[in-house]
Amino acid sequence: MRSVIDVLDLSVEELDELIKTALDIIDNPEKYAHVCDGKKLATLFFEPSTRTRMSFEAAMYELGGHVISMSEAGSSSAAKGESVADTAKTVSCYTDIIAMRHPKEGAPLVASLNASVPVINAGDGGHNHPTQTLADLLTIYREKGSFENLTIGFCGDLKFGRTVHSLINALSRYGNNKMILISPEELKLPSYVKKDVLQKNRIPYEQTTDLVGAMPKLDILYMTRVQRERFFNEEDYLRLKDSYILDVKKLENAKEDLCIMHPLPRVNEISIAIDDDPRACYFKQVLNGKYMRMALILKLLKEAGTI
Ligand code: CP
């Protein structure tokens, strides 16, 4: 049974196909309005979410399907100690496809090994968030027309930011990109991502603490929230949480066609004064996420022979 746990579970050709489908959904929504009639998506969210859960649910409704939802770990039998494996076997009896978010890294993988329907990782701990990457890729494609020849700045919590890890993995498969990793010393990109992704794929990168210094070089600036829920120590979080606040002044030397992204939720990382700047793309990401999740649900249900 085909599941998507990591963005690398999808080949470059499959990413292109998903983008093509999403663009067709945007242009011809009526063509897709009944493709999933009578089918069900289960959203199992053991961690808070607004965008991912609701966009998965909106995606399934817009395909004509239905949704069953578990939006709080405490309201399920996980609170009584039921394992992820048993939960996946159980929910497979009720649904055609599962989207799962879990605080434990690897939990959606365990679910996929035990489910009899496709499982989509909707974010696992500080590890991966492949469908956010799909939203990010569609946004980059619509703004830049290509995934090549780009200088991308990742700024903020690069240690715990799972969306950063997934997007670096995805963009490392395309040609002639450069990455600038902007973070406080304590929140640098984990060495395994640098070694296994950037160095292995010979992607040029630099590490800096200086956002303003990096700004003129950037085609894309990917801001991130400091991930309070992953810290062991509240004092460290409070010290680091406002390390980078993007405001109008910091954009003075930015390119005219800079694409400013953020997976959201935002806390203080981007001043609301920037929301009306034409370079602000973070609410476009939110909408693009729904289209890419529609495309992914369609792909996995077709491959499973469900539709
Ligand atoms: N970007 C993202 O995953 O947002 P939510 O946590 O609201 O789902």
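The largest cavity is where I'll start: its lining is made of Arg-51, Gln-132, Ala-135, His-262, Pro-263, Tyr-282, Gln-285, Val-286, Gly-289 and Arg-293. Keep in mind that this is a predicted model. The space inside that largest cavity comes to about 60 Å³. In total, the structure holds 3 cavities of 30 Å³ or more.

Now the ligand. The space it takes is the largest pocket. Around the ligand you find Ser-49, Thr-50, Arg-51, Thr-52, Arg-101, His-129, Gln-132, Pro-263 and Leu-264. Arg-51, Gln-132 and Pro-263 appear in this shell, and they also appear in the lining of the largest cavity.

By residue class, the shell around the ligand has 5 polar, 2 charged and 2 nonpolar members. As for domains, at least three residues of the shell come from domain 1, which is 7-128 + 289-303, and at least three from domain 2, which is 130-285.

Next, the polar contacts. Which residue has a polar backbone atom 2.8 Å from an oxygen atom of the ligand? That is Thr-50. In the side chain of Arg-101, an N or O atom lies 2.9 Å from an oxygen atom of the ligand. Pro-263 offers a polar backbone atom, and there the partner is a nitrogen atom of the ligand, at 2.9 Å. How much of the ligand's area does the protein bury? Taken alone, the ligand exposes 260 Å², and 92% of that is buried by the protein.

Notes. Residues numbered from 1 in each chain as written. Predicted model: local features only at pLDDT ≥ 70, side-chain atom pairs only at ≥ 80, totals over all residues. Heavy atoms only, no water. Near = heavy atom within 4 Å. Polar contact = N/O pair within 3.5 Å; in protein donor to acceptor, adjacent residues only side chain to side chain. Areas by Shrake-Rupley, 256 points an atom, 1.4 Å probe, with all protein chains shown as cover. 1 Å grid on protein atoms, 1.4 Å probe; cavity = no way out; pocket = protein on both sides within 12 Å on 5 of 7 lines; lining within 4 Å. Sits in = over half its atoms within 2 Å of the grid points. Nonpolar A, V, L, I, M, F, W, Y, C, P; charged D, E, K, R; others polar. Domains from an automatic or database assignment. Points joined across faces, edges and corners; volume = space filled by probe spheres on them.
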